[in-house]
Amino acid sequence: MDRIKSFTINHDVLTPGFYISREDGDVITYDLRTRKPNAGDYMDNAAMHSLEHMFATYIRNSDMGNDVVYFGPMGCQTGFYLLVRKNRSPKEVFEMTKKVLQQIYDHEGAVFGASAKECGHYENLSLAAAKAEAAAYLTVLENQKNMEFTYPE
C-alpha cells in the first residue's frame with residue numbers, strides 16, 4: 001500500500017510554521033503547524049475545536065472564501081490543514097492566515113457556532129483558548145523566514 005504524503009515528512013525536524021503540504025489538481029493543502037510534533041506539547045480539544053470554529057468562519061467570510069475548500073484540525077493535535085484552490089497564491093493564503101488569526105485574537109463575543117443547534121459538542125468551546133492559540137501561532141508566522149513554504153529536510 002502507498003504511504004500518504006503526510007507520512008513521508010520527517011516529523012523529527014518539523015517545527016511550527018506555514019507549509020505547502022501537497023497539491024492535488026486545482027487545490028493546495030497547507031499545513032498550519034502550530035507545534036513541534038512529538039514534543040509533548042499538544043493542543044487540547046477545546047483549543048483545537050474553538051480555533052477551528054473561529055478560523056473556518058472568518059476565512060470563509062473573507063475575500064478568498066469561495067476558494068476555501070476545507071479547514072480542520074490534524075488528529076495529532078499539532079496543527080491544522082487548510083485547503084485552498086490555486087486561484088490564490090501561497091503568499092496570499094499566508095497573509096490571509098495572519099489576518100484571520102488577528103481577527104480571532106481581536107474577536108469580542110461568543111465563539112461562532114456555540115450552540116447545540118450549530119455544533120455537536122458546543123460545550124467544549126472557549127474564546128480564551130482560541131485567542132491564545134491564534135496569538136501564539138501569529139507570532140510564529142510573523143517570524144517565519146521560509147517564504148517558499150517548503151518542509152525542512
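**Exercise 1. Decide whether H107 is buried or exposed in this predicted model, then describe its surroundings.**

Solution.
Step 1: Start with the relative accessible area of H107, which is 8%. Buried means under 20%, so H107 is buried.
Step 2: Now place the residue in the chain. H107 sits in the loop between α2 (90-106) and α3 (127-142).
Step 3: Look for a polar partner. At 2.8 Å from the side chain of H107 you will find the backbone oxygen of A110.
Step 4: List the contacts, setting aside neighbours within four places in sequence. For H107 these are M54, Y58, F112, L127 and K131.

**Exercise 2. Work out in which order the four strands of the open sheet are arranged, and which strands stand at the edges.**

Solution.
Step 1: Take the pairs one by one. β1 and β2 are antiparallel and joined by seven bridges; in this part of the sheet, F18 has L32 of β2 as its bridge partner.
Step 2: Go on to β2 and β4, again antiparallel, with seven bridges. Here R33 stands opposite G79 of β4.
Step 3: Finish with β3 and β4, which pair antiparallel over five bridges. F71 has its bridge partner, L82, in β4.
Step 4: Put the pairs together, and the order reads β1-β2-β4-β3. The edges are β1 (17-24) and β3, because each has a single partner strand, which leaves one side of each without a neighbour in the sheet.
Step 5: Add the twist: on average, neighbouring strands of this sheet are turned by 15° against each other, direction ignored.

**Exercise 3. Find out how many residues lie between the strands in the hairpin of β3 and β4, and how many of the residues of β4 are buried.**

Solution.
Step 1: Follow the chain from β3 to β4. The hairpin has five residues between the strands, and Q77 takes a positive phi near 65°.
Step 2: Move into β4 itself. Five of its seven residues are buried, so this strand is largely enclosed by the rest of the structure.

**Exercise 4. Describe where α1 and α2 lie on the sheet, and at what angle α2 and α3 pack.**

Solution.
Step 1: Begin with α1, which lies across β2, β3 and β4 and runs at about 165° to β3.
Step 2: Turn to α2. This helix packs on the sheet, where it touches β1, β2 and β4, and its direction makes about 135° with that of β1.
Step 3: Compare α2 with α3: they pack at an angle of about 145°, and their axes are 8 Å apart. The crossing of α2 past α3 is left-handed.
Step 4: Pick out residues that make this contact. Among them are F94, L101 and I104 of α2, and A130, A134 and L138 of α3.

**Exercise 5. Identify the residues that touch the most other members of the largest nonpolar core, and the element that gives the most to this core.**

Solution.
Step 1: Recall a general tendency: in soluble globular proteins, nonpolar side chains tend to be buried together.
Step 2: Apply it here. The largest nonpolar core has 33 residues, and those touching the most other members are F18, Y30, L32, F55, I59, L82 and I104.
Step 3: Ask where the core residues come from. Two or more are given by each of β2 (27-33), α1 (45-60), β3 (68-73), β4 (79-85), α2 and α3. α1 gives the most, with seven residues.
Step 4: Check one member, I104. Leaving aside neighbours within four places in sequence, I104 is in contact with L51, M54, F55, Y58, A130, K131 and A134.

Notes:
Residues numbered from 1 in each chain as written. Predicted model: local features only at pLDDT ≥ 70, side-chain atom pairs only at ≥ 80, totals over all residues. Heavy atoms only, no water. Buried < 20%, exposed > 50% of the residue type's maximum accessible area, 1.4 Å probe, protein only. Polar contact = N/O pair within 3.5 Å; in protein donor to acceptor, adjacent residues only side chain to side chain. Contact = heavy atoms within 4.5 Å. Core = buried A, V, L, I, M, F, W, Y, C linked by side-chain atoms within 4.5 Å. Pairing = 2+ DSSP bridges. Axes fitted to C-alpha atoms, helices over the stretch in contact; angles between N-to-C directions. Left-handed = near helix turned anticlockwise from the far one by under 90°.
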